Amino acid sequence: MPKRTTHEESVCPVARPLDVVGDGWTLLIVRDAFDGLRRFGQFQKNLGLAKNILSARLANLVANGVFELAPAADGSPYREYLLTEKGRALFPVVTALRQWGDRWFFEADEPRARLVERESDVPIAPVEVRAADGRVLGPDDTRVLLP
């Protein structure tokens with residue numbers, strides 16, 4: 001099997017993280033962690049993913065500091081996968097992807113999962129990119145500076 005291309009030497013901040021979270025299953029695992037899943041069996045049951053693939057993705061997320069392994073909170077012999085600060089920082093990324101998917105991949109009356117505030121069940125506002133002064137920015141308002 002050919003070796004997968006790595007982006008570890010890229011100067012692009014979009015390319016490098018794709019080595020860690022650029023696979024669809026990986027982002028679904030992270031999504032599930034934001035939704036409260038912690039144990040291997042929970043991820044496996046929710047995703048229906050083969051155990052060997054799930055194991056490899058979780059190992060990669062732990063190795064790259066997105067998750068850490070911890071003893072089970074209930075004192076059982078199981079281990080739990082907990083999001084680290086680095087992992088929790090993916091929340092706006094996953095949220096923006098949820099909102100993009102909601103807008104472009106569902107019909108208006110089609111049922112879908114919704115992200116809402118825990119206290120009120122009110123849908124959250126759209127994720128926006130803003131300038132330092134608070135203005136909303138679009139692709140035409142930005143540029144990439146290369147080193």
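**Helix faces, a helix crossing and the segment after α6**

D121 counts as exposed because its relative accessibility is 56%, and the cut-off for that class is over 50%. In this predicted model, D121 lies in the segment that comes after α6. The backbone of D121 also deserves a look, since its phi is near 65°, a positive value in a residue that is not glycine. For context, most residues other than glycine have a negative phi. P126 is found in the segment after α6 as well. With a relative accessible area of 59%, P126 is exposed. P126 can also be set against K51: the two are 75 residues apart in sequence, and their C-alpha atoms are 35 Å apart in space.

K51 leads to the next topic, helix α4, which covers residues 51-63. This helix has 13 residues and reaches 18 Å from its first C-alpha to its last, close to the 18 Å expected at 1.5 Å a residue. Which residues of α4 are buried? They are L54, L58 and L61. These residues cover an arc of only 60° around the axis, which puts them on the same side of α4. On the other side of the helix, N52 and A63 are exposed. The cover over the buried residues of α4 comes from several elements, including the helices α1 (15-21), α2 (24-34) and α3 (40-47), along with the strands β1 (67-71) and β2 (79-83). After α4 comes G65, and the phi of G65 is positive, near 75°.

Helix α2 appears in that list, and it has a buried side of its own. T26, I29, V30, D32 and A33 are the buried residues of α2. Viewed down the axis of α2, they fall within an arc of 160°, so they line one face of the helix. What do the buried residues of α2 pack against? Their partners are α1, α3, α4, β1, β2 and α6.

The last of these partners, α6, spans residues 91-104. Helix α6 has 14 residues and a reach of 20 Å from first C-alpha to last, close to the 20 Å expected at 1.5 Å a residue. Within α6, the buried residues are V94, T95 and G101. Seen down the helix axis, they fall within an arc of 130°, so the buried residues of α6 line one face. The face turned away from this buried side carries the exposed residues R103 and W104. As for packing, the buried residues of α6 rest against α2.

How do α2 and α6 meet? Their axes come within 11 Å and cross at roughly 105°. The two helices are therefore roughly perpendicular to each other, as angles of 65 to 115 degrees are placed in that class. On the α2 side, the residues in contact are L27, V30, R31 and F34, and they meet F91, V94, L97 and R98 of α6. By class, this contact has six nonpolar residues, two charged residues and no polar ones. Two of the names in the contact are familiar from the paragraphs above: V30 is among the buried residues of α2, and V94 is among those of α6.

Methods. Residues are numbered from 1 along each chain as its sequence is written. This is a predicted model: local features need pLDDT of at least 70, side-chain atom pairs count only at pLDDT 80 or more; totals for chains, interfaces and linings use all residues. Side-chain values use heavy atoms; hydrogens and water are left out. Helices (H or I, at least four residues) and strands (E, at least two) are DSSP runs, numbered from the N terminus. The expected span of a helix is 1.5 Å times one less than its number of residues. Buried means under 20% relative accessible area, exposed over 50%, partly exposed in between (1.4 Å probe, protein chains only). The arc is that of the directions from the helix axis to the C-beta atoms. Contact means heavy atoms within 4.5 Å. Axes are lines fitted to C-alpha atoms, for helices over the stretch in contact, and angles run from 0 to 180 degrees between N-to-C directions. Angles under 35 degrees count as roughly parallel, over 145 as roughly antiparallel, 65 to 115 as roughly perpendicular and the rest as oblique. Ala, Val, Leu, Ile, Met, Phe, Trp, Tyr, Cys and Pro count as nonpolar, Asp, Glu, Lys and Arg as charged, and the others, Gly among them, as polar.
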